[in-house]
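Student: I have a structure open, but I don't know how to read its sheets and cavities. Could you walk me through it?

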Amino acid sequence: MTITSSSAWRSVAAHYQAISPQHLRELFAADPNRVASLSLAFDGILFDYSKQRADADTLVRLLELAREARLAEAIARMFGGERINVSEDRAVLHCALRRDASGNKSGSSFPGGDCDVMPEVLATRERMAAFAHRLRDGLALGSTGQAIRQVVNIGIGGSDLGPKMLGSALSAIAHPALGVHYVSNLDGAQLAPLLQTLDPRTTLFIVVSKTFTTQETLLNARTARDWLLANLGADAALQTHFAAVTAKPGRAVAFGVDPDAIFPIWDWVGGRFSLWSAVGLALMVAIGPHAFGELLAGAERMDEHFRTAPFARNLPVVMALLAIWNTNFLGACSNAVLPYNESLRHLPAFLQQLEMESNGKSVGADGEPLDFASNPIVWGELGNNGQHAFFQLLHQGGRLIPCDFIAAARSDYPLPGHQEALLANCFAQSAALAFGKTADEARAELAADGSLAAGAIDALVPQKTFPGNQPSSTLLLARLDPQTLGSLIALYEHKVFVQGTIWGINSFDQWGVELGKAVAGRILPAIADPALAAGLDASTRGLLAFARQHLR
């Protein structure tokens, strides 16, 4: 039985019929305490969802949906180490990666005494810290005896997006004399220009691949190795210029990485949940082990909040339920993520992978087709830039597009007057989307201007009318510091888990990603050998023929 057959789902659907005619203007007018009752706060994060097209009764009914989906049991199963990734028969233990982040080493096992991953987690964390300290202190030397001053993380997907996103978000506290870069694209236009700026004598590459067979990562890594050999000579000690994060250390050694510079990633860590592990090594190098520990501590506090807080006051639960309300009842097909801090510019891309790779599925964990929409399309851009581009469609395009506005109250790069203007724009856009402008208000404004005749005013009023009623939430952070960002990312992780639980989806596999890899593996040799294209479809054969004409 799917969740749509439940009495809770029918109750929410009936409530939607009753509330849907009401505009956000009416909802605010009807409840003077709406903002207080429809907002939550946690450790430097304010979550204001008062501009969602919902009321207190909406949340009550959605909470019943969570209970009927047995969410509390699902949370206990994840934190208890059960193999909830059923299609791959794996536990989901990324929360272990931020346990004991304060350094107290409580000695408690996780997830349980019979299966305790904490010893290897803590040991790896200590090795990472020692490695990062050596780099940051100028003690890690390349093959010519010069200190490493540039670090290049080579990965893709979860091995790139999370560390890169947080590296940008925390750039204000990064090491001032140590450059950290990220390469993921097969297109040489990313790696080649970067190599032109680097000194091979002082550059270290961190190759991040769980299998150490990821096509994009290995091709970029081989190119980096060839570049080092061409510049340093065949006799150079290339081991001093490589580190690796992988579940297959033997393959990394065969590539040429020193065993002491290989860090583990475990099968109970999914790629999009892995930035807290050694996958975040380049990030730790950039911001330092202490700040990395604060990042983990912030995530650990959100874990505890998620595990213990009543659902009605539980940020990930409420956030997920509102997203389900927007998707399955209001009919939204997409969700915009709109950060207003330049340092959060990579957050939309990170959340695209986290949400759509996790829950972008039409088959439940039981293998049965879903009879409802699952994850919406997640997209976004820096909000201040978007105001001068796609916000036009948000305001007057006639589509329902819920938005997540995200901003920090305190700037990480303060300039006089800038932060106040930034926040004013953020708050103004969410208000304008919610409340719009009526035809009467538009007419009154135009008349007050005094420059237009009555006929011209009538003609212009439709263009100046904004329907509003676009739902949004605002996540206002006290500041962009490691602890707050750790909590924010863990919040979104748990939101994804709650949605997957209610939808009956396994949020921790990604077979669609695997299919594309397999098909690419069949096509690649056919680019060089036309005979190998015989079994491919007609369109692909035509594309290959054109590509062969112009590749060389």
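Tutor: Let's take the sheet, then the cavities, keeping in mind that this is a predicted model.

Student: How do strands hold together in a sheet, and in what order do the strands come here?

Tutor: In general, strands of a sheet pair through backbone hydrogen bonds, parallel or antiparallel. Here 6 strands make an open sheet, ordered S1-S2-S13-S12-S10-S11, with mixed pairing. Strand S1 (39-42) and strand S11 (377-380) are the edges, each pairing on one side only. On average, neighbouring strands are turned by 15° against each other, direction ignored.

Student: Which way do S1 and S2 run?

Tutor: They are antiparallel, joined by 4 bridges. Ala41, for example, has Leu46 in S2 as its bridge partner. Also look at helix H14 (residues 347-359), which packs on the sheet and touches S10, S11 and S12. The direction of H14 makes about 175° with that of S11.

Student: Now the empty spaces. How many cavities of 30 Å³ or more are there?

Tutor: The general idea is to roll a probe the size of a water molecule over the atoms, which shows where empty space is left. This structure holds 3 such cavities, and the largest has a volume of about 180 Å³. Among its 21 lining residues, the closest to the centre are Ala323, Asn326, Asn335, Asp404 and Lys495.

Student: Which helix gives the largest share of that lining?

Tutor: H13, with 5 residues. By class, the lining of the largest cavity has 9 nonpolar, 9 polar and 3 charged residues.

Student: And what lines the second largest cavity?

Tutor: Its lining includes Leu97, Trp266 and Phe292, and helix H6 gives the most, 4 residues.

Technical notes. Residues are numbered from 1 along each chain as its sequence is written. This is a predicted model: local features need pLDDT of at least 70, side-chain atom pairs count only at pLDDT 80 or more; totals for chains, interfaces and linings use all residues. Side-chain values use heavy atoms; hydrogens and water are left out. Two strands pair if DSSP finds at least two bridges between them. Helices (H or I, at least four residues) and strands (E, at least two) are DSSP runs, numbered from the N terminus. Axes are lines fitted to C-alpha atoms, for helices over the stretch in contact, and angles run from 0 to 180 degrees between N-to-C directions. Contact means heavy atoms within 4.5 Å. On a 1 Å grid over the protein atoms alone, a cavity is a set of points where a 1.4 Å probe fits but cannot get out, and a pocket is an open set with protein on both sides within 12 Å along at least five of seven lines; lining residues have an atom within 4 Å of a point. Grid points are joined across faces, edges and corners, and a volume is the space filled by probe spheres set on the points. Ala, Val, Leu, Ile, Met, Phe, Trp, Tyr, Cys and Pro count as nonpolar, Asp, Glu, Lys and Arg as charged, and the others, Gly among them, as polar.
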